[in-house]
Amino acid sequence: MSEQKPRKTPEELRSHRWYGVKDLRSFGHRSRTAQMGFGREEYAGKPVIMIINTWSDINPCHTHFKQRVEEVKRGVWQAGGFPVEMPAMTLSEPFQKPTTMLYRNLLAMETEEILRAYPADGCVLMGGCDKTTPALVMGAVSMNLPMIYMPAGPMLRGNWNGVTLGSGSDTWKYWAELRAGKITEEDWQEIEGGIARSPGHCMTMGTASTMTSATEALGLIMPGYSSIPAPDSRHAQMASLTGRRIVEMVWEDLKPSDLLTPASFDNAVTTVLALSGSTNAVVHLIAMARRSGIDLDLKRFDDLARRTPVLANLRPAGKYLMEDFYYAGGLRALLVQLGDLIDGSALTVNGRTLGENIAGAEVFNDDVILSKDKALIASDGLAVLYGNLAPGGAVIKPAAAEPHLLAHTGKAVVFKDYNDMAARVDDPALDVDENSVLVLQSAGPLGAPGMPEWGQLPLPKKLLEKGVRDMVRISDARMSGTSYGACVLHVTPESHVGGPLALVREGDLIELDVAARKLNLLVSEAELAQRRAAWVQPPSKFTRGYGVLYAAHIQQADVGCDFDFLETDHVEPERQADAASAAARPAAGSSQSGRKDGRADVRMDVKRAAPNGEPEIH
């Protein structure tokens, strides 16, 4: 596709409007560029590449980005471009409260506005930590300039006294063992010092590795690059190669709208399922697709899950870590194993098809990357549940649960919010046993706020001491991709807006049947109607700033938790209605809205920014 387009001329570059015009404004742009030490020959008539860098002193996943950005710049210079580093908001998963998910859309907005407001011809997106990947991609897709995502890469394996540790997964495991009295405080402190020992994001198949792998399968990362560990010298080489390639993409005018199709999103979803990836990918990929004008929904995830085997033997579902995955052949090898479940005709950022990119990839350790006939599980790496408790859907990762809990009925133990849970879960007087169903309310997009990763509710200490290590847990929250357990997540509509989860009471029977895709509250409709009539919506948790914007426009989990005004139909600009006069229409699931007032979500058909379609610059 890219070869069929005529190559751009220097006068057709978007940056020409800043630098190439003979007027007073361009004089100012050129003189201020000279002020920074650059001669006209260094940028005139060359693609300006914005490098969106999410490095910060408080983001451990991106500590190597100070060096990597220089390597990206080197590649841009080598290819005849002009690199411009643009710092953007960091979303540091371990530190940011109440949750990075609250700010995913803010980084997406910042990315889009940076690219719109400055003389960008193309961009390299530097990220990796969980929400950073979808945020950067969402913003760049909305702007629709040539772009490549440059992943941070996973950190090295953790180690404790010869035991291999995986970030997140072993944190939860050994925290439970500490609470149960099975390890000492000294052991716990040694684990703390050995579980994260290099730059890079989580090396389990958590949200970070899930989303970078999905983004490569979408065609937005150079082939094979999402698997390289952060400290590996090949990661530095990848950064320079990415810088070189983005310059060519600008001349080719190869944009996200040329790459992202329903088939490419199917490839991304199939990849997530084959990896037994994070449930967070559901929310993020739906949001990314809707920014592309593609109606990816929960049903499509479930349909693909029924046919896709889990082939990656990676924690938390399996045994190994991302460093092992890379040495075993990485994502390219896994995609080859999937065979005709992957659409190889999808175009990617290097101008070749996905099929061409993975051709010849080999598996070097068949205990890490499995064949279809030796799959970790034959299907259902993820399942979407419906019922009177989740009319808009809920998700569960069956491979992460103890099998006997996948068909279970038990009495609800209800926590009204996170603080209530923290205060009571270890109370010896709590009326709970291993057959109970733990329910957490007020943990969704509005209720928490921000839909934090609270879905892996801690098990009551008195049950841990008896040897119990898994129970059915239900919430409108998310959970870390590094987590495990029989956790039903993303219950939609959330309790804060009056979803049925808000009506669950202590002792109610709840039925979970993963094979039948059911999640039901075994209470009569008449009783539920009485409870609904008595329910009062809690007040908004925001009184100022970004939170007010968030509360007014956030949508529910089943449609990706994006802001209603940032979605767009994927049609050519000349066919777009003007945003100011476009008729408002209800979003999907409008009667179960995420609005703070409980009314139907309304979104405008806003115009995708085209490279030559921004407002005039004066």
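In strand 4, the residue that stands opposite Cys 123 is Met 147. The two belong to neighbouring strands of a predicted model, in which strand 3, residues 122-127, pairs with strand 4 in the parallel sense over 5 bridges. This pair is part of an open sheet of 4 strands, ordered 2-1-3-4 and parallel in its pairing. Strand 2 (82-87) and strand 4 (147-151) are the edge strands, each of them pairing on one side only. From one strand to the next, the twist averages 20°.

The span around this sheet carries a record. UniProt, in an unreviewed entry, places the feature "domain: Dihydroxy-acid/6-phosphogluconate dehydratase N-terminal" at residues 46-357. Helix accounts for 48% of residues 46-357 and strand for 9%. The end C-alpha atoms of the span lie 28 Å apart.

Helix 15, residues 330-338, comes next. Which of its residues are buried? They are Gly 330, Leu 331, Ala 333, Leu 334, Leu 335 and Leu 338. The cover over the buried residues of helix 15 includes helix 8 (207-218) and helix 11 (262-274), along with helix 14 (322-327) and helix 16 (354-358). After helix 15 comes Gly 339, which has a positive phi, near 60°.

The loop between helix 15 and helix 16 contains Ser 345. Is Ser 345 buried or exposed? Its relative accessible area is 54%, so Ser 345 counts as exposed, the cut-off for that class being over 50%. The side chain of Ser 345 makes a polar contact of 2.5 Å with the side chain of Asp 343. Ser 345 can also be placed relative to a residue far away in sequence: Ala 263 is 82 residues from Ser 345 along the chain, yet the C-alpha atoms of the two are 8.8 Å apart in space.

Further along the chain is strand 10, residues 437-440. Val 437 and Val 439 point one way from strand 10, while Leu 438 and Leu 440 point the other way. Which side of strand 10 is buried? Residues pointing both ways are, since all of these four side chains belong to buried residues. Strand 10 pairs in the parallel sense with strand 9 (residues 407-415) over 4 bridges, and Val 439 is the bridge partner of Val 414. Strand 10 is also joined by 4 bridges to strand 11 (residues 472-475), and these two strands run parallel. Here the bridge partner of Leu 440 is Ser 475, in strand 11.

The last step is the protein as a whole. Its secondary structure comes to 20 helices and 16 strands. Buried residues make up 60% of the 618 residues. Of the contacts between residues at least 6 apart in sequence, 76% join residues at least 24 apart. Along the principal axes, the C-alpha atoms fill a box of roughly 80 × 60 × 45 Å. How does the radius of gyration compare with that of a compact globule, and what is its value? A compact globule of 618 residues would have a radius of gyration near 25 Å, and the protein has 24 Å, so the two agree.

Conventions: Residues are numbered from 1 along each chain as its sequence is written. This is a predicted model: local features need pLDDT of at least 70, side-chain atom pairs count only at pLDDT 80 or more; totals for chains, interfaces and linings use all residues. Side-chain values use heavy atoms; hydrogens and water are left out. Buried means under 20% relative accessible area, exposed over 50%, partly exposed in between (1.4 Å probe, protein chains only). Contact means heavy atoms within 4.5 Å. A polar contact is a pair of N or O atoms within 3.5 Å; within protein, one must be able to donate a hydrogen and the other to accept it, and residues adjacent in sequence count only if both atoms are side-chain atoms. UniProt positions are given in the numbering used here, feature names are shortened, and annotations may be inferred rather than shown by experiment. Two strands pair if DSSP finds at least two bridges between them. Axes are lines fitted to C-alpha atoms, for helices over the stretch in contact, and angles run from 0 to 180 degrees between N-to-C directions. The radius of gyration is taken over C-alpha atoms; the globule rule is 2.2 Å times the number of residues to the power 0.38.
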